[in-house]
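Let's take a look at a protein together. We'll go through some ring pairs first and then turn to the pockets.

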Amino acid sequence: GPPGNGKTMLAEALAFELGVPFLAVSHGGVVESFMGATGKNIDKLFAYARTAPCVIFIDEFDGISIKRSAGHDVGEIRRITNHLLIAIEKLPSYVTLVCATNADNLLDEAIKRRFDFAIEIPTPTRALKLLCAQRELAPALTPGNDVSSLAEQVADLELESLFYVTERCRQIRRDLVLNNGQGIESLLQEG
């Protein structure tokens with residue numbers, strides 16, 4: 001799904017519900033420019049994960065699992081994808097691998113088949129934005145100032161992700177503290 005709509009949060013919630021550690025890995029934490037170094041990093045990550053039940057979350061997964069048939073490849077991407085295929089196969093059943101991408105079309109088909117299912121997290125509907133805004137503007141988060149009625153206005157804004165909805169609500173809460181709410185009206189405008 002698109003950035004900012006809860007892919008990482010969903011994986012973290014899964015780990016919480018399973019009662020296991022959450023190991024978040026970013027593309028930059030795995031990929032290196034030296035030949036073979038990325039494969040070694042994948043081996044280290046998966047070896048560590050095999051030590052106990054956990055959820056491994058790899059963000060920007062398309063960076064290490066790109067289609068091996070890509071014409072512009074110099075061979076290293078092909079090796080990384082092959083290495084990853086083998087590493088995934090070796091994971092024990094008590095390790096849950098969750099990966100996120102906003103470029104599903106770039107993923108190698110063999111990698112896709114290694115996962116039990118895919119979940120698309122679309123751009124949020126107005127109803128979901130409203131629910132998010134209601135939680136972020138709840139009276140418990142704004143002691144002495146009930147701005148929960150502003151959730152409807154926030155949900156109507158052209159905010160493209162839940163990240164931006166949450167951020168706008170936090171700006172409203174911040175304005176309540178720093179400016180006695182005098183800047184809230186401008187925060188309820190587009191942009």
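What follows is a short tour of aromatic pairs and pockets in this predicted model.

**Aromatic pairs**

A pair of aromatic rings is described by the distance of the centres and the angle of the planes. This model has 3 aromatic pairs. One of them is Phe 22 with Phe 57, and here the rings are stacked, with centres 6.0 Å apart and 25° between the planes. The two partners sit 35 residues apart along the chain: Phe 22 belongs to strand β1 (residues 22-25), and Phe 57 belongs to strand β2 (residues 54-58). So how does each ring meet the outside, buried or exposed or in between? Phe 22 counts as partly exposed because its relative accessible area is 24%, while Phe 57, at just 2%, is buried.

Now try Phe 61 and Phe 115, which form an edge-to-face pair: 5.8 Å from centre to centre, with the planes at 85°. Both are in loops, 54 residues apart: Phe 61 lies between β2 and α4 (76-89), and Phe 115 lies between α5 (109-112) and α6 (126-136). With a relative accessible area of 2%, Phe 61 is buried. Phe 115 has 23%, so it falls in the partly exposed group.

**The pockets**

Rolling a probe the size of a water molecule over the atoms shows where empty space is left. Here are the two largest pockets side by side.

| Pocket | Volume | Lining residues | Lining by class |
|---|---|---|---|
| Largest pocket | about 1,000 Å³ | 33 residues | 21 nonpolar, 5 polar, 7 charged |
| Second largest pocket | about 390 Å³ | 14 residues | 6 nonpolar, 4 polar, 4 charged |

Which residues lie nearest the centre of the largest pocket? They are Leu 97, Cys 99, Phe 115, Phe 117 and Ala 118. You've already met Phe 115 as the partner of Phe 61. Strand β3 (95-99) is one of the elements that supply at least two residues of this lining, along with α1, α4 and α5. In fact, β3 gives the most, with 5 residues.

In the second largest pocket, the residues closest to the centre are Gly 6, Met 9, Cys 132, Leu 162 and Thr 166. Helices α6 and α8 (162-179) each supply at least two residues of that lining.

Let's finish with Met 9, which is part of helix α1 (residues 7-18). Met 9 counts as exposed because its relative accessible area is 60%. Its C-alpha atom is 24 Å from that of Thr 51, a residue 42 positions away along the chain.

Notes. Residues numbered from 1 in each chain as written. Predicted model: local features only at pLDDT ≥ 70, side-chain atom pairs only at ≥ 80, totals over all residues. Heavy atoms only, no water. Phe/Tyr/Trp six-rings, centres within 6.5 Å; stacked < 30°, edge-to-face > 60°. Helix = DSSP H or I, 4+ residues; strand = E, 2+ residues; numbered from the N terminus. Buried < 20%, exposed > 50% of the residue type's maximum accessible area, 1.4 Å probe, protein only. 1 Å grid on protein atoms, 1.4 Å probe; cavity = no way out; pocket = protein on both sides within 12 Å on 5 of 7 lines; lining within 4 Å. Points joined across faces, edges and corners; volume = space filled by probe spheres on them. Nonpolar A, V, L, I, M, F, W, Y, C, P; charged D, E, K, R; others polar.
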